[in-house]
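Student: Could you take me on a close tour of one part of this model, the middle of the sheet and whatever packs against it? I'd like one connected account rather than a list.

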Amino acid sequence: MFRTGLIIGAHHEELAFGEKTASRIKKSGIDVIRIADGIPNRRARGELKSSKKTDLDNLYSRIHRKVCGKYDLVIDLHSGLSEEKWSADIFSSEMGFLDFMDAGLKKIFRDKFHLPDKIRLFKIIRNDQTGPKAFDDRFPVCLAFVPEDIVNGKHYRYVGLEVYLTSQKGCMSEYRLSRRLILAVHECGLRL
Ligand SMILES: [Zn+2]
């Protein structure tokens, strides 16, 4: 059976949003993986960039051990602030899955979301892939934020999801939209 794990709270400031969004998601066959001791999103004053990177790597190896062998798809939920309306960025390293989501999300949401205005798809490239060639792809590219062996791993499909809210806390309609998007990504994973 196809299984999806939804990670909430990797950044601890975003855990409350994750909990509200994930509150009714379990029914749909998605397991919620709550990270109670996530790392701060913003770097503390004076903290070294290298120590933040180590914390991040440690956290994600812990997450990897938790999800490895259990899930086919792992969705890593994050949130940020939007200046206008709710929107979302989806990150994947697999061109095939990005293509599938591009078509699948349009079908699932029909015209309710105006792709690509509200939902953007990004291709995660490897750190050694930078250079002009990387930009020939159909999707905008970005570097991996989590360790590359997770992003490009063979154990499960990793999808990063950053949802932009109109306030720090977000509101009911934004939790609902985020939940629908998670279900849609799960649906795409199931069908591919
Ligand atoms: Zn985050």
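Tutor: Of the contacts between residues at least 6 apart in sequence, 77% join residues at least 24 apart in the protein chain. Keep in mind that this is a predicted model. The chain has 192 residues, and 34% of them count as buried. Its secondary structure comes to five helices and seven strands, and if you read along the sequence you get β-α-β-α-β-β-α-β-β-α-β-α.

Now for the sheet. It's an open one of seven strands with mixed pairing, in the order E2-E1-E3-E7-E4-E5-E6. At the edges sit strand E2 (30–34) and E6, each of which pairs on one side only. From one strand to the next, the twist averages 30 degrees.

Let's settle on strand E7, which covers residues 157–165. Eight of its nine residues are buried, so the rest of the structure largely encloses E7. In the strand order, E7 sits between E3 and E4, and the two pairings run in opposite senses: parallel with E3, antiparallel with E4.

Take the E3 side to begin with. Strand E3 spans residues 73–81, and nine bridges tie it to E7. If you want a spot to look at in the viewer, try Leu73, whose bridge partner in E7 is Arg157.

Over on the other side is strand E4, residues 87–92, with five bridges to E7. Two pairs are handy for tracing this one. Ile90 stands opposite Leu161 of E7, while Ala88 has Val163 as its bridge partner in E7.

Ala88 is a good place to pivot, since this residue also stands opposite Ile119 in E5. Strand E5 takes in residues 119–125, and it runs parallel to E4, with five bridges joining the two. Carry on outward and E5 pairs with strand E6 (residues 141–143), again in the parallel sense, over three bridges. One place to see that pairing is Ile125, which stands opposite Leu143 in E6. With E6 you've come to an edge strand of the sheet.

Before leaving E5, have a look at Arg120, which lies in that strand. How does Arg120 rank, buried or exposed? Somewhere in between: Arg120 has 15 other C-beta atoms within 10 Å, so it comes out as partly exposed. Buried would take 20 or more. Arg120 and Glu162 are 42 residues apart along the chain, and their C-alpha atoms are separated by 10.0 Å.

So much for the strands; what lies across them? Helix H3 lies across E4, E5 and E7, and it runs at about 175 degrees to E5. H3 is made of residues 95–109, and it packs with helix H5, residues 172–191. Two packed helices are described by the angle between their axes and the distance between the axes. Here the angle is about 125 degrees and the axes are 10 Å apart, and H3 and H5 therefore count as oblique to each other. Their crossing is right-handed.

Who makes the contact? From H3 it's Phe100, Met101, Gly104, Leu105, Ile108 and Phe109, and from H5 it's Ala184, Val185, Glu187, Cys188 and Arg191. Sort those contact residues by type and you get eight nonpolar, one polar and two charged.

Definitions and conventions: Residues are numbered from 1 along each chain as its sequence is written. This is a predicted model: local features need pLDDT of at least 70, side-chain atom pairs count only at pLDDT 80 or more; totals for chains, interfaces and linings use all residues. A residue is buried if 20 or more other C-beta atoms lie within 10 Å of its own, exposed if 12 or fewer, and partly exposed in between; C-beta atoms are placed from the backbone. Helices (H or I, at least four residues) and strands (E, at least two) are DSSP runs, numbered from the N terminus. Two strands pair if DSSP finds at least two bridges between them. Axes are lines fitted to C-alpha atoms, for helices over the stretch in contact, and angles run from 0 to 180 degrees between N-to-C directions. Angles under 35 degrees count as roughly parallel, over 145 as roughly antiparallel, 65 to 115 as roughly perpendicular and the rest as oblique. A crossing is left-handed if the near helix is turned anticlockwise from the far one by less than a right angle, and right-handed if clockwise. Two residues are in contact if their C-beta atoms, placed from the backbone, lie within 7 Å. Ala, Val, Leu, Ile, Met, Phe, Trp, Tyr, Cys and Pro count as nonpolar, Asp, Glu, Lys and Arg as charged, and the others, Gly among them, as polar.
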